[in-house]
Amino acid sequence: MDKSWMHSDRRSKAYELGVEAFLNFSIENLLTTTHIRCPCVKCVNLKLFGVGIIRDHLYFNGVDQSYKNWTFHGEPCEATTNASRNVEADDDHSRYSFVSKEIEMDDNDLGDFGSDPYEFANVIGDGDQPLYPGCRKYTKLSALVKLNNLKAKHGMSDVCFTKLLILQGDLLP
């Protein structure tokens with residue numbers, strides 16, 4: 001399906017036709033059409049609405065341009081499509097031999113989970129605490145999630161993100 005409309009001006013005919021094609025595609029490919037995920041910039045597929053509200057959101061807020069594979073709206077996942085192509089083409093290897101090639105992982109990619117088994121529980125417990133004394137809008141966990149979403153959405157490097165967190169720590173009371 002053509003997705004070039006996602007980068008068009010929201011006032012253009014191409015955008016209008018693209019929104020309608022997207023909504024029709026979603027309705028045809030999803031089991032339920034009463035409430036579907038909204039791919040606008042503000043909802044980022046986290047909220048469910050009817051088609052009319054989603055249409056309005058796409059015009060008012062714009063579509064999340066990082067949503068390239070419409071898996072929440074019935075499009076098959078690219079990894080699944082690539083995997084099935086690899087499996088069909090290479091019958092001599094095991095059914096899942098494509099995984100190591102696709103992901104290109106080694107043992108160092110697993111990360112350091114720490115030696116304290118309660119470390120994760122402590123992090124989750126801190127999530128209910130306010131970001132700083134008197135803060136009512138964000139908890140420690142919600143702030144980290146929002147910041148991590150920004151990092152991922154804008155392709156921020158780990159070094160840049162770490163320096164940003166340090167700066168924010170210095171700025172907060």
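Author: Rings of Phe, Tyr and Trp count as a pair if their centres lie within 6.5 Å. Keep that in mind for this predicted model.

Reader: Okay, how many aromatic pairs does a search of the whole structure find?

Author: With that cut-off on ring centres of 6.5 Å, you just go through the structure from end to end. A search of the whole of it gives an aromatic pair count of 7.

Reader: And which residues form the one aromatic cluster with Trp 5?

Author: Some of its members sit in α1: Tyr 15, Phe 22 and Phe 25 are on that helix's list of buried residues. The whole cluster is made up of Trp 5 together with Tyr 15, Phe 22, Phe 25, Tyr 59 and Trp 70.

Reader: Which ring does the charged end of Lys 3 sit over?

Author: For a Lys, the NZ atom has to be within 6 Å of the ring centre and within 35 degrees of the ring normal. Lys 3 has its charged end 4.7 Å from the centre of a ring, and that ring belongs to Trp 70.

Reader: What about Arg 37, whose face does that one lie over?

Author: Here the CZ atom is the one to check, again with the 6 Å limit. Arg 37 is at 4.6 Å from the ring centre, over the face of Phe 72.

Reader: Back to α1: what span is expected for the helix at 1.5 Å a residue?

Author: Helix α1 covers residues 13–29, so 17 residues in total, and the rule is 1.5 Å times one less than that number. From first C-alpha to last it reaches 24 Å, close to the expected 24 Å.

Reader: Are the buried residues of α1 on the same side or on opposite sides?

Author: The buried ones are Tyr 15, Gly 18, Val 19, Phe 22, Leu 23, Phe 25 and Ser 26. Because they cover an arc of only 160 degrees around the axis, they end up on the same side.

Reader: Which residues are exposed on the other side of α1, then?

Author: Exposed means over 50% relative accessible area. On that other side of α1, the exposed residues are Lys 13, Leu 17 and Glu 28.

Reader: And what do the buried residues of α1 pack against?

Author: Two elements take part, one strand and one helix. The buried residues of α1 pack against β1 (36–37) and α2 (51–60).

Reader: Is Arg 10 buried, exposed or partly exposed?

Author: Arg 10 lies in the segment before α1. Buried would need under 20% and exposed over 50%. Arg 10 has a relative accessibility of 36%, so it counts as partly exposed.

Methods:
Residues are numbered from 1 along each chain as its sequence is written. This is a predicted model: local features need pLDDT of at least 70, side-chain atom pairs count only at pLDDT 80 or more; totals for chains, interfaces and linings use all residues. Side-chain values use heavy atoms; hydrogens and water are left out. Helices (H or I, at least four residues) and strands (E, at least two) are DSSP runs, numbered from the N terminus. Buried means under 20% relative accessible area, exposed over 50%, partly exposed in between (1.4 Å probe, protein chains only). The arc is that of the directions from the helix axis to the C-beta atoms. Contact means heavy atoms within 4.5 Å. Rings of Phe, Tyr and Trp (its six-membered ring) pair if their centres lie within 6.5 Å; planes under 30 degrees apart count as stacked, over 60 as edge-to-face and the rest as tilted.
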